[in-house]
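Here's a quick briefing to read with the model open beside you. Take it topic by topic and follow along in the viewer.

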Amino acid sequence: MNVEPARRRIAGGLTIAASLIVPAVCAPTLAAAPVRLVVADHVAPDGTLGGPIAIEIDRGTIVSVGTPDEDEPAIAGVLSPGIIDIFSGVGVTGGTRDDIKPIADDITAMDAIDPLHPSFAEAAAAGITAVMVGPTPSNPVSGLAVTVSTHADGGVLDVLNDESAMVFSLGPPAVDTRYGPTSRAGILFAIRAAMEESGEDSMLGRVAEAGLPAIVFCPDGDDAAQAIQMMGGFGLSPNIVHSRDALDLSSDLEDYEGTFIIGPYTFDARPDVLAGAGFLDRAGVRVVSHGATSNQPYDSIRMTATLASGYGLAPDAARRSFTSEAAALAGVDDLTGSIREGFRADLVLWSGDPLRADVQPQRVWVYGDLMYQTPAEGSAP
Amino acid sequence: MVLSMVRKSDWRGRRAASMLAGLLAGVVTCGGAWAQAPTKIAITGGRIITVSGDDIAQGTVVVDNGRITAVGADVEIPFDAVEYDATGKVVFPGMIHPHAAGGMDVPNESQPVTPFLNVYDAIDPSRRFFEDALRDGVTTVHASPANNTVIGGVTRVVRPIGLSIAEMTVSADAAMKMSVTPKRGYDRMRQMLELREAFHTLDRKLEDLAEKRFEEDAEENDRTVRESPEERREQGRALIRDEDLGDDTRNLVRMRRGDMAAWIYAGAATDVGPALKITEDQELTDRTTLVLGATAHKAFGELEGKGIGVVLDESLFDRERDPFTGDIRETFVPKKAHDAGLLFALQPSPSSSLAERYLNYQAAVCVRNGVPRDAALKAITMNPAELLGLGDDLGSIDEGKIGNLVVFSGDPLDFNSWVEMVFIDGILAYERSKDHRLKELLRLEDENKAREAEEDEDADEIDAQDGADASEDDAAGSDSDDTAADGDSGADSSDASGNAPGNEGGEG
Amino acid sequence: MERVAIAVGLVLAAVSSPALAQVALRAAKVYVGNGEVIENGVVLIEDGKIAAVGADLRIPRGMDTIEIEEGSITAGLIDANASIERRDIFVRDQLPGGELRRLLHKNFGAPREGGCDSCATCPLILSHDQLAVGEICPVCTYPTHGMVSSLTAPGVIPDALSTEAISEVVPHTRVLDALNLRSEDFDRLLLSGVTTVLAMPDSSAVIGPQPALVHTAGPLASRVLDRSAGVKAVIGSDPYSTGLGNSPPFGGRPTARTRRPTTRMGVTWVFRKAMYDSARYEEGLEITGSDAAPPAALEALEAVRSGEQRLFVQARSQNDIEAAEHLTDEFGLEHVLLEATEAHHSLEALAEAGRSIVYGPVYVDASGLRARASDASGARLGTLRALFDAGLEPALSAQDLRDEAGLDRQAMSAIKSGLSDAEALRAVTVNPARILGMEDEMGTVETGKRADLVVWSGEPFAATSKAMVVTIDGRVALDLRDND
């Protein structure tokens, strides 16, 4: 699965310029009139392919969703909500790792984001319209994750949620050999003690009391089981970042209500790992595909979903795993992640079903702005 | 003294006497001196598990000159036989350790192809390995180079008793040990290359030798050579004498012509095919035994109907993880071997903490997991005897076989049974009541104190009596420490065995 | 004969099946556990408890019956000093079986095949030289050269994440937090007829984490019987010689912050200081010194000093056993003695104190955890016999040993070395239940107790019989009847 370097370069270099070539669809934020977009197929909010669709976009928002009129010319391809990249490296400058203290609940990833970072445009070119950026999980409580759109125009961040989730970490990354904790028992003790003592005014207290979601990095399958058990003690269902033993865990998740963040999947992974997402889905656990970090191709989110569906994840769940479920995880599912009236016009026009490996984004809109268009479509042959 | 437990000195004295007797009689045979052992013994009253046939609920085994002369319920005890009472106990054939690399300092040379090596040069008779074997009821050990080799050397079947290797030897040069599983640091291709190369080199050397012999022969007889080179080699081959063969070729030639068996280690299923190919190429099929690793059971299909016996891995279970579900699958290998109709022998696991070091326990594990009782018992007696080509001499309690016997306190498959006595060639080689090491392991501190108290003040008789009673009740044999309690039964037998045969031998 | 393989997966499937409200077990004998033996016994189970036990009881119509004609029924076995592996290493994907076994067996006196060196089996042997001694190799997950021979034993991966290493005194942490309740180790315990384990931490800390009392099968939500079942302390050489020794857990040189005791005196001192500090802390005094235990640890020790929390003390050699007696005496504490390898030397002192003891395992040549302990060399097969003779009613533990050395086989070995059948049964059922304060709930086959039961294929600890059916809280957790 290659991303053609040429396209990436174009996208990264001068994205907006390309959009000027297609005035009919180009709808800058300030455009007065609504734009009507008719596409042959689309990804419905439930993840299925819903057939022809006609939507109208006004001031960055989807104002109407309907079926096209008869004989109305439709653009070939599939219209889907934009990809939401969970634990993205997009926009991050100088890293997000901080070892200052084990319970770092007052750290926020917002402080690490550079609005002018070129990776926003690169991500948009791959169909990513929003990114959740989190702190590196190097402390038992690592800090706040935030969600911004990739429409970082003119150095102003388009913040979707500045309190997406609190990030926790178990296992070796959270270990501090000099100051402790050095063991999982010690990590869990530290988290449990901190959560018990935290007041409602602290960020950690808001996890325990006020419904701020928790996302736990679990290097090992039993880390995940422990995290679920420990958080269960506070009446919470944490969201889990873990892939390897997902298949094994799926049979033990009866009362679990959180989301599993799986991936990145690669072709050389073991089949039982790749089958994990499907097993989780059948066990009633929500699944979000996780892919791109700063040193991986942006398409790896979609590759994760594609491989997962190849190994048993239902296609609709696979499509939801990088759109609506990801939006729910990031706490932005009232804004984006589905094609609905009143939602942000964060859209991607694909050349086919986005689960297919040979499909590429044709056009990408973020908040109604056309951020990317394939060179083939934009320039004369 | 270490040796006291195995009665090595006694045993040796009698053996020396027997050899002397043999010399006096003018019968000087290598190893045949064994048959001259003067002892005549009768083990009476015990349940006899013959292995070859039905059990005898209460019977007698008579051993004369090292061979079993009578077995049965109504056997007349010769007037001059030393009797051992096994009433309430079980008489069982001496067990056979089919493939032991213990009892040596380093069981593999670092060089890959070493057919000239012989375990004769490595066996250390004073190793605790042999003492343990005897204690555990093993009367025959097939000492072999270990598996980290290509061609490892010549093996030897020994008794786990004796002060010299000559004295221990049952059958010298029993087999050639080879391995198709890569030696450490090798890959499979290199391993097979070395193995094939060894036989190619052998062939080349033999051809050269045959030609040379033919020419020498022609020269001596002043004969004109008209034969083609092929014919010359063909005729010359017949002229090769054993003394022409060098160290590097002699043993392989002897293996090929049938003087020695071939024992081939196949550690994994994938090695079984190459092992079979080597045996077919070298025409060794009728005398090959495969020593298998735990995973090799997957190739049992290839072995069915080939008549090749196998020695199973000491770990009786093969466990593997299902690559998809992650579940562990367990295969009980002896059951699979039994169902495949293979002739198989079990090995004890010396690395186990307690139970698996006993061969009879390994057989019990087989029964627990579905192998029929008689098949499990054969796998530690008859089967290894047959694999070693000693099926007529060892492995069951039958007339004419060598008097290697174990007296268990109960059924051999009952883990609570202790090896009470071990007879090798009809000579008492081990007695539990005289096993000081075992006693030490089972010793109770307070028992010692009780004995001290008894010695110190005779007045306190009641306590000491209680102590003795209590320890007698314990099946563990902690009572054996208490010489006073044990004296009656123990002293008789030891006197009888210790002195009578020796005297007799001396007179003879 | 392709289907010899028994998939442990089948076992798990049985576990997750819905609980049978009512089951009847029938076998030739029921060993009640109090010395009584019921011929043609029937055990009726209702709502996870034993509803009735007797000879030829009438089984209500419609009740599921599990019958093994030649079999026998005992209470589920209890291991009061179990080491649970976080990962199952009996089978590892990257190593062929023979190699793995050689790797595991390299501790023993007579290595096979010309000696074995765990590094030799690692595909990246060269990487070992680049790691610090004792560091875990990322490929074979074994610690590197030098430490290997003293560390590794079958069933044991010195897992740096198992015990908190920031202090020698960590009684505030819990083993449950490091325990993988889905570990395949539990399946193996089940195959040995073990229904309840006290999952113990390793012995790398002087006052270690809190052990957890857990069932070996059942729904995860109800597996844990006591998440804080005491505190384990160690008197002996382990805190400074085993595990990762005194080096920092992830490599590098020891620093003032990783300073630990390096002698038995130091170990005892750490124990004593922690107890004193805890008392001072309770009074509101400030605790100073670089080696002071964390405040949370001192708080946790208050429960030990007040007797609310059970104290387990691991001690193997005679001097350690006696040092443990003195130390707990000094603070007016009771303790449960673990391992007690050389207890035969200290019978009088132990009998006088009426000490609760979890002995074991029984062995000739040390294997498992024991193999790395130099201070466990004085083992005798007769020790357990002696403890029974002294009236101490000890429990028996297999620790990390499984399969042919598991707890049922330990009981078998104990019988061979002098215990009566009834004593051996008590040592793995009633006695551990009593020591753990669970005698009202488990340990015997009596009405009203938890239906933790084992149906053996023959006599309970015979070499030729095995656990065929295991129930935990009335649920069938293991059923091997169809596998034969």
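Chain A of this predicted model has an open sheet of seven strands, ordered β3-β2-β1-β4-β13-β14-β15, and its pairing is mixed. At the edges sit β3 (61-66) and β15 (369-373) of chain A, each of them pairing on one side only. On average, neighbouring strands in this sheet are turned by 35° against each other, if you ignore direction.

**A closer look at one strand pair in chain A**
- Strands in a sheet pair through backbone hydrogen bonds, and they can do that parallel or antiparallel.
- Strand β13 (residues 347-350) and strand β14 (residues 361-366) of chain A run antiparallel, with four bridges joining them.
- If you want a spot to zoom in on, A:L349 stands opposite A:R363 in β14(A).

**Chain A overall**
- The count for chain A is 13 helices and 15 strands.
- Chain A has 381 residues, and 59% of them count as buried.
- Take the contacts in chain A between residues at least 6 apart in sequence: 65% of those join residues at least 24 apart.
- The accessible surface of chain A adds up to about 14400 Å², with 52% of that belonging to carbon and sulfur atoms.

**Two crossing helices in chain B**
- Two packed helices are described by the angle between their axes and the distance between those axes.
- For helix α4 (residues 188-220) and helix α5 (residues 229-239) of chain B, the axes come within 7 Å and cross at roughly 85°.
- That crossing angle makes α4(B) roughly perpendicular to α5(B), because angles of 65 to 115 degrees count as such.
- On the α4(B) side, the contact is made by B:E207, B:A210, B:E211, B:R213, B:F214, B:E215 and B:D217.
- On the α5(B) side, the contact is made by B:R232, B:R233, B:Q235, B:G236, B:R237 and B:L239.
- Sort the residues of this α4(B)–α5(B) contact by type and you get eight charged, three nonpolar and two polar.

**Spotlight on B:F344**
- You'll find B:F344 in strand β17 (residues 344-345) of chain B.
- Is B:F344 buried or exposed? B:F344 has a relative accessible area of 3%, so it counts as buried, the cut-off being under 20%.
- Which residues is B:F344 in contact with, leaving aside its neighbours within four places in sequence? They are B:V310, B:L312, B:P334, B:A337, B:H338, B:A379 and B:N383.
- B:R128 lies 216 residues from B:F344 in sequence, and the two are 27 Å apart in space, C-alpha to C-alpha.

Definitions and conventions
Residues numbered from 1 in each chain as written. Chains lettered and ligands numbered in written order. Predicted model: local features only at pLDDT ≥ 70, side-chain atom pairs only at ≥ 80, totals over all residues. Heavy atoms only, no water. Buried < 20%, exposed > 50% of the residue type's maximum accessible area, 1.4 Å probe, protein only. Contact = heavy atoms within 4.5 Å. Areas by Shrake-Rupley, 256 points an atom, 1.4 Å probe, with all protein chains shown as cover. Axes fitted to C-alpha atoms, helices over the stretch in contact; angles between N-to-C directions. Parallel < 35°, antiparallel > 145°, perpendicular 65-115°, else oblique. Nonpolar A, V, L, I, M, F, W, Y, C, P; charged D, E, K, R; others polar. Pairing = 2+ DSSP bridges.
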